[in-house]
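Please read these notes beside the sequence and the coordinates. They concern the packing of the interior and one strand within it.

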Amino acid sequence: MIFEVIYSIKAIYVLRINITIERNKFHEKLQKLNGFTIFIYLCQLTESPSELANRNLEVQTNPKLGFVRNRVSKMFNFKQWVILVVCSLAILKAEGLFVNITFVRNAVARGAVCLDGSPPAYHLHRGSGTGINSWLIQLEGGGWCNNVTNCLSRMHTRLGSSKKMVENLAFSAILSNKKQYNPDFYNWNRVKVRYCDGSSFTGDVQAVNPATNLHFRGARVWLAVMQELLAKGMRNAENAVLSGCSAGGLASLMHCDSFRALLPMGTKVKCLSDAGFFLNTRDVSGAQYIKSYFKDVVALHGSAKNLPRTCTSRLTPAMCFFPQYVARQIRTPVFILNAAYDSWQIKNILAPRAADPYGKWQSCQLDIKNCQPNQLKVMQDFRLEFLSAVIGLGRSSSRGMFVDSCYTHCQTETQTSWFWQDSPILNRTTIAKAVGDWVYDRKLFQKIDCPYPCNPTCHHRVFTPQDDPPI
């Protein structure tokens, strides 16, 4: 039977493995197997092979090879074998870079800690050659916690404790050290800042309730990590880019100007927000769910004093978690990278579970191809509102923009969307090329995609019910 499984794998045109585990996030590059392209996404790689058998296997095939889906489905009880075989092949063929974790020194003494009181951490891979004095800081994403209950749950995961983080993290896509996979930043100093505070690095509450031992210190974590990186050479940076995905993409906007203020006057500083432009809108029930959620986050973490004053001087602090009210006042050049049909926002802002108690949106949220005409209409309206917010920032000769019509979330951390032979393109340009041209001032890229389903280069995400649990 194992030979039949291997034979079936080789017949697959596109194989997507999406494994969700509580550990290290690993998005590896495309591999080639006997002429057939395999997309491998190993999300949060586990410690033992036996745990792999409990994860979800998703197979996408070329229409001409439709029989493969049926054959694999019939052998689904042998998915452990399938996963182990593919993982073995990937390990043999992969050229990935794994970077050791670094815990911030003396952070605990300064109160700059994760939710559980453990020290913050990051992964640094040193630059070389022409990139030795250039720095790319990538802020990890992972949502937020808005009340004691979900913060308590979070503090027992890598998103709330550095004790739960893996020692070695895979660097790929925008963090890759291979020129063929990351043409403009491969030889920069590249840093992945781990996210363990639940507030997009904005919280600061001195008191700690001994009953919960929850620490809300995101802003202190931000400063402690930056100070350590400055001491390790970032103070000599000629170029510096603050980037991030999702909650990290939001943080890259909120901390953009303060990041610039930490660096010498002569440093060229820019900020990239990937999937961090969260929209203030009503959900399908008419409620302002996400606005209420962010209000709770700000109140619980004591974030108000650490949000951009250019926003809090005009609006309530909770509104300043929405980039549409913040980005226009940012003085540092910014690049907005976002999907107009951002899958996380469709699931958690447009149609959250609270607004969809009977699960009418679930099938649509898992796969955009399952959406009914009336649901697509709602999503098209969401896109128009999103574009209105982005365009509402006003014209800027320094602000880059790449808004595609893919159903996805975070595109700088996955090799296939960042830079590959069939990566999503706008105006014949990949995301990596658009961002690189903008960073190096070669060309200003400001493009918005046509409505779904017009872009055949999109990699639309397909989820299982266990993927990305709702906030």
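The points below take the basis of the model, then its cores, then one strand and its partners.

1. This is a predicted model, in which local features need pLDDT of at least 70 and side-chain atom pairs count only at pLDDT 80 or more, while totals for chains, interfaces and linings use all residues. Residues are numbered from 1 along each chain as its sequence is written, and side-chain values use heavy atoms, with hydrogens and water left out.

2. The largest nonpolar core (buried Ala, Val, Leu, Ile, Met, Phe, Trp, Tyr and Cys residues joined through side-chain atoms within 4.5 Å; buried means under 20% relative accessible area with a 1.4 Å probe, protein chains only) has 77 residues, and I137, W144, M234, F259 and M379 have the most contacts inside it. Helix α6, residues 218-231, supplies the largest share of this core, seven residues (helices are DSSP runs of H or I, at least four residues, and strands runs of E, at least two, numbered from the N terminus).

3. Leaving aside residues up to four places away in sequence, F259 touches (heavy atoms within 4.5 Å) I137, W222, M226, M234, A240, V241, L242 and V269. A second, separate core of 25 residues includes L136, W438, V439 and F445.

4. Strand β11, residues 239-245, has seven of its seven residues buried. N239, V241, S243 and C245 lie on one side and A240, L242 and G244 on the other, so that both faces are covered.

5. Strand β11 pairs (at least two DSSP bridges) in the parallel sense with β8, residues 134-139, over six bridges, and W135 stands opposite A240. Seven bridges join β11 to the parallel strand β12, residues 268-274, where K268 stands opposite N239.

Key:
Buried means under 20% relative accessible area, exposed over 50%, partly exposed in between (1.4 Å probe, protein chains only).
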